[in-house]
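Work through the exercises below with the sequence and the model open. Each task is followed by a solution in steps.

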Amino acid sequence: MLDVGRVRQDFPILRRGIIYLDNAASSLTPEPVLEKMLEFYREYRANIARGVHCLSQRASEEYESSRRKVAKFINASAPFEVVMTRNATEGINIIANGLNWRRGEKIVTSLIEHHSNFIVWLRVRDRYGVDVDVVKPSKPLEDGLFEVSDFEKAIDDRTKLVAVTHISNVLGLLMPVKEIADIAHEHGAFFLVDGAQSVPHIRVDVQRLNCDFLAFSGHKMCAPTGSGALYIREELLDEVKPLCIGGGTIADVGLDFYELSENVSRFEAGTPAIADVIGFGAAVDYLERIGMENIERHEAKLTERMYEGLREIPKVEVYGPEPKYRVGITSFNVEGLNHHDVALALDALSRIIVRSGHHCALPLMKELIRRPGTVRASTYLYNTLEEAERLISAVEEITQKMA
Ligand SMILES: Cc1ncc(COP(=O)(O)O)c(C=O)c1O
């Protein structure tokens with residue numbers, strides 16, 4: 001079981017009396033992660049893979065140790081399947097820019113994607129004459145949206161890539177990714193999962209998921225900002241051309257040629273965010289110590305309470321399916337009030353920190369929610385049931401005073 005009181009002591013920022021419910025944007029960072037980053041700066045600060053001296057050796061070892069931890073965390077079959085990135089967006093862009101697109105091929109994605117897993121495909125369409133098919137859900141918002149058959153209709157033998165989110169960053173709903181993977185592979189397509197909202201909150205196993213690519217953010221899972229990762233299945237490493245090349249990516253260079261390294265480092269040009277990657281490894285250790293299953297169970301309780309509590313308030317509309325189809329995220333609006341005003345009021349009156357806006361998911365806002373934005377409360381391991389209750393009563397108060 002998760003001891004929230006104990007966990008909260010690791011997050012000094014919580015002592016400031018805030019209720020932090022903007023975890024889908026970025027999570028807070030615990031002391032062991034901060035300590036590990038400081039240790040790098042204090043004890044062995046040097047560049048990696050560039051020196052024989054002891055500091056560089058230690059920094060390189062710690063950096064590679066993080067890669068091993070991240071790879072194990074998602075059950076990759078080897079560390080070289082994991083590229084350390086700055087964020088999930090960079091990982092998706094590596095795939096979009098690295099695959100060899102041919103006119104007439106097709107990309108299948110969905111209407112509920114974050115822009116980072118959407119506009120990149122539109123740009124591939126515009127550059128290479130590839131078609132983009134945006135799957136629209138056949139079920140209403142409250143029923144969990146997608147049927148597997150929605151994807152079955154869209155994916156065909158022309159499809160080179162299917163790219164979908166694992167969990168919606170607006171609705172918290174889980175996509176049937178395993179089933180979509182099977183359909184994609186039946187048609188010889190690659191399958192990319194945007195795991196930005198899933199890897200931090202539920203156990204994600206790339207082998208069980210059967211995905212070819214998985215992009216996710218370290219900074220949403222207790223690691224520092226500027227950290228993320230991209231999983232590329234071993235057999236596909238040569239299918240993807242690096243986005244940037246230069247120092248750190250080569251096997252050999254002459255006056256008129258260069259040969260890229262066979263190593264995964266060919267995807268990590270230049271000096272990487274060393275302290276952030278090392279912090280990412282410490283964050284994985286931290287989450288593993290607590291247990292992903294414990295985190296998932298804990299968040300399920302919070303999500304259920306928030307969903308039920310907010311839905312009971314007159315004038316509040318909660319978007320998306322019932323809690324059993326969702327993880328960690330509750331989006332809502334208050335009738336007659338702008339979403340930003342609600343977020344500002346929550347901050348000003350109750351020190352509750354939530355996100356408001358379109359959440360980088362404008363197609364979803366325009367086509368399904370049909371509002372310019374929502375208020376989004378998103379949980380993590382350090383949130384408490386009492387905080388969920390405080391949110392519910394604060395929203396209730398706002399509807400009474402302002403709406
Ligand atoms: C579903 C989803 N995909 C991608 C991203 C982009 O993540 P990052 O900011 O780490 O690039 C986010 C960020 O909120 C997200 O929620």
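The exercises cover the domains, the pockets and one strand residue.

The model is predicted, so local features need pLDDT of at least 70, side-chain atom pairs count only at pLDDT 80 or more, and totals for chains, interfaces and linings use all residues. Residues are numbered from 1 along each chain as its sequence is written, and side-chain values use heavy atoms, with hydrogens and water left out.

**Exercise 1.** Describe the contact between domain 1 and domain 2.

Solution. Start with the bounds: the assignment gives domain 1 (33-289) and domain 2 (291-398); such bounds come from an automatic or database domain assignment. Next, take the centres over C-alpha atoms, which are 27 Å apart. The contact (heavy atoms within 4.5 Å) takes 35 residues from domain 1 and 31 residues from domain 2. Then take the buried area, about 2,600 Å², with 65% from carbon and sulfur atoms. Buried area is the accessible area (1.4 Å probe) that two parts lose on being put together, summed over both. Finally, His115, Val170 and His201 supply 24% of the area that domain 1 buries against domain 2, more than any other three residues.

**Exercise 2.** Where does the largest pocket lie relative to domain 1 and domain 2, and why?

Solution. A pocket here is an open set of points on a 1 Å grid over the protein atoms alone, where a 1.4 Å probe fits, with protein on both sides within 12 Å along at least five of seven lines; lining residues have an atom within 4 Å of a point. First list the lining: 19 residues, with His166, Leu174, Ile202, Arg203 and Glu296 nearest the centre. Second, find the elements: helix H10 (292-311) gives the largest share, four residues. Helices here are DSSP runs (H or I, at least four residues), and strands are runs of E of at least two. Third, both domains give residues to the lining, so the largest pocket lies between them.

**Exercise 3.** Is Val108 buried or exposed, and which residues does Val108 touch?

Solution. Place the residue first: Val108 is in strand S3 (residues 106-110). Its relative accessibility is 0%, so Val108 counts as buried; the cut-offs are under 20% relative accessible area for buried, over 50% for exposed and partly exposed in between (1.4 Å probe, protein chains only). Now list the contacts, leaving out residues up to four places away in sequence: among them are Asp133, Val135, Phe151 and Leu161. Last, compare with Phe40, which is 68 residues from Val108 in sequence and 42 Å away, C-alpha to C-alpha.
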